[in-house]
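Colleague: I would like to go through the terms used for this model. Take me from each value to its definition.

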Amino acid sequence: MVKIIFMPRLDEEQEKGMVVEWLKAQGDFISQGEEIVEVMSEKVSFIIESPLKGTLHKIFVEVAEEVPIGTTIAIISEVEDSPDLLAKAIVEAEEQLKQLEIPIVATKIEEIEVTQKREVVEVKPERIKISPIAKRLAKEHGLDITKIEGTGPGVRIVKEDILRAIEQRRVIPAVPEEVERIRLTGVRKIIAERMTQSYQTAPHVTVMMEADASNMAKIRKEFEEKTRARLSYNAILIKAVTEALQAYKIFNSTIEGNEIRIHTNINVGLAVALEDSGLIVPVIPDADKKLLKELNTTIEDLVQKARQKKLLLSEVKGGTFTISNLGMYEIDGFTPILTPQQTAILGVGRIAKKPIVVDEDSIEIKPMMILSLSFDHRVVDGALAAQFLRHLKNTLETFTPVL
Amino acid sequence: MSTQREINMAEALNEAMREEMRRDPTVILMGEDVGVLGGVYGVSKGLLDEFGPERVRDTPISEDGFVGAGIGAAITGLNPIVEIMYPDFLPCAMNQITNHMAKLRYMTGGQLTVPLTIRSAIIQGRGSGADHAQTLIPWFVQTPGLKVVVPSTPYDAKGLLKTAIRDKAPVMFFETAKLYLNKGPVPEDEYLIPFGKADIKREGTDLTIVAICNLVLEALEAAKELEKEGIKAEVVDPRTLVPLDKETIINSVKKTNRIVVVDNNPSACGVAAEIAAIVAEEAFDYLDGPIMRVATLQIPEPVAPPLIKLMLPNKEKIITAAKKLF
């Protein structure tokens, strides 16, 4: 049977997928269940296994090419397949690829550039009438002739138009020179879209509170003495956050239309910066039900997978609250943007020793940390957010979690 | 030196021949009515009296014959000037001109030289009929071995004719009858104008007009009109078509970025066509619009004055062509 391998949908919002690596070559014999290709959505990667025993008959989409989901990326054939059927499947797949409006070859800068077509009275609209000297001058000065209006006979772009454009460019030096263009793809693109969506739809407010991190240090020390393993502060933070969320369930919710849906599960997402400037948020499901030790190993595992881009779809989905920790970058406090579908996000700053005024007006040096809570003002108000944050602060400063 | 003196083109040409004949006893003049009559326009007036019938000869109406005689005289050591009354009669002597006059020096490896100058007066546009109205200039431009001179002012005419007479190569010297009575400054002191050196008759920054013969004057008139509309036209007179001063034309186009070429010949393979092609090849990147040609219509010249006006280039047609570039 001729088996067609499609670009799979890995993600609800996914429109396109990219081939990361062909693990088998065209013409290779493959057994059922054998891994044949790694594909990637904007967030996760996935390995497609062969549904049957046969030959990887033809590959249609090369590495680094992006195609819409549902596009045929390969055909697997069995020994008994008729050549006619195979040929037909190949033709259909090639037709489908031809009809793609989206160019399948990735990074071509011209294609994303927004060019303004000039209105010229011509049969071919893409042909721009320009005199030889105007063309040469435009080239010498790096001007885009599609953006220049021709004032010569027959709306031809003439020397004068170019000189004017050069002059205008001189007059307005505010337009910075382009140094480099980076195409918005993959993770970067999805971050851009989601952050914009969140920022525009959810009215955010951020409240900040300083917490004493001495207790956290104490917990960490105890943990390390007992287990001989390093404990991540993020594990302690997640633990404390789950307690606060249990006390203030409204912060573990999603607003949808006229409804606020409070979630029963507490799935905490942890923002992880990627080396190539991306950002991904693996999710620790049912974080409230995990012991500190479990949280610690889960975090370690997820962070490592995130950095290697090996996260599975299931590992980035379903978050109900997010923590973004910029402490390691020496940030004190900041105003995080909400993850779409969530009501609050906790921004964590660095732990720094500070002189703190304590009882009877004396000063002590303490390790302090600023907690920044951004929340969706449609769902909760400032006073409640303050209570949540105070609860979190008190928890962090006093609790003794089960290791 | 009295540069204030103004004489007309016929007088200037007469002076050129007289001076050269005085300077060099090998210079002779032959042609129909050049002697006793002094030329139909008086260009050779008084030369018979001064130099005698040995050196100034009236010929029978036999162009083929006396051009041949001129070539023979040139080969054997004289420096003849042969006058063919009108260019329309040059075809009668075409074999002599193209196959002998133009080629002998080359075909004999320089053993023979033909220092012959043929003068002829264009009477285009006079209503004398299609066979008394041609310049045929492109024929000679297309005949390697000949030099081709096309003066537009008395000054240029004199200086160029003296150079033509002294040149060892055969020269076709085209005079324009309607310019004969046009006056212009001509110094009394001797001067020569080298071939292959165009003259900028008017400076301008917005448009180059290249024209020859009487059309230089039309171009200057057009330039005056255009200036009223803010278009500063430069008028370039090549003065000699072979050799052609490409450099001056190209430099002018580099400055103005626009060019109109005016030709007293049909546009097909004409003088304007050649100059346009040179500009397209060598100054393409400086052009801000198409190269415009103003040439004669591709028809035999009519007799009726209104039709002649339709056929020939003039000030109005130059202006129309120029305005298409703005």
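Modeller: Buried area is the accessible area that two parts lose on being put together, summed over both. This is a predicted model. Chain B and chain A bury about 830 Å² between them, and 52% of that is on carbon and sulfur atoms.

Colleague: Which residues of chain B lose the most area to chain A?

Modeller: Asn257(B), Asp285(B) and Asp288(B). Together they make up 52% of what the chain B side buries.

Colleague: How many residues does each chain bring to the contact?

Modeller: Chain B gives 12 residues and chain A gives 10 residues. By class, the chain B side has six nonpolar, two polar and four charged residues.

Colleague: How many salt bridges does the rule find across the interface of chain B and chain A?

Modeller: Zero. The rule asks for a side-chain nitrogen of Lys or Arg within 4 Å of a carboxyl oxygen of Asp or Glu. Polar contacts are counted separately: six residue pairs between chain B and chain A, both residues at pLDDT 80 or more.

Colleague: Now the sheet in chain A. What makes E9 and E15 edge strands?

Modeller: Each pairs on one side only. The order is E9-E18-E17-E16-E12-E15, an open sheet of six strands with mixed pairing.

Colleague: How do you know that E12(A) and E15(A) pair?

Modeller: Pairing needs at least two bridges. Two bridges join E12(A) to E15(A), so they pair. They run antiparallel. Val268(A) has Ile284(A) as its bridge partner in E15(A).

Colleague: Which helix lies across E9, E16, E17 and E18 of chain A?

Modeller: Helix H9, residues 382-398 of chain A. H9(A) runs at about 25° to E9(A).

Terms used:
Residues are numbered from 1 along each chain as its sequence is written. Chains are lettered from A and ligands numbered from 1 in the order in which they are written. This is a predicted model: local features need pLDDT of at least 70, side-chain atom pairs count only at pLDDT 80 or more; totals for chains, interfaces and linings use all residues. Side-chain values use heavy atoms; hydrogens and water are left out. Contact means heavy atoms within 4.5 Å. Buried area is the accessible area (1.4 Å probe) that two parts lose on being put together, summed over both. A polar contact is a pair of N or O atoms within 3.5 Å; within protein, one must be able to donate a hydrogen and the other to accept it, and residues adjacent in sequence count only if both atoms are side-chain atoms. Ala, Val, Leu, Ile, Met, Phe, Trp, Tyr, Cys and Pro count as nonpolar, Asp, Glu, Lys and Arg as charged, and the others, Gly among them, as polar. Helices (H or I, at least four residues) and strands (E, at least two) are DSSP runs, numbered from the N terminus. Axes are lines fitted to C-alpha atoms, for helices over the stretch in contact, and angles run from 0 to 180 degrees between N-to-C directions.
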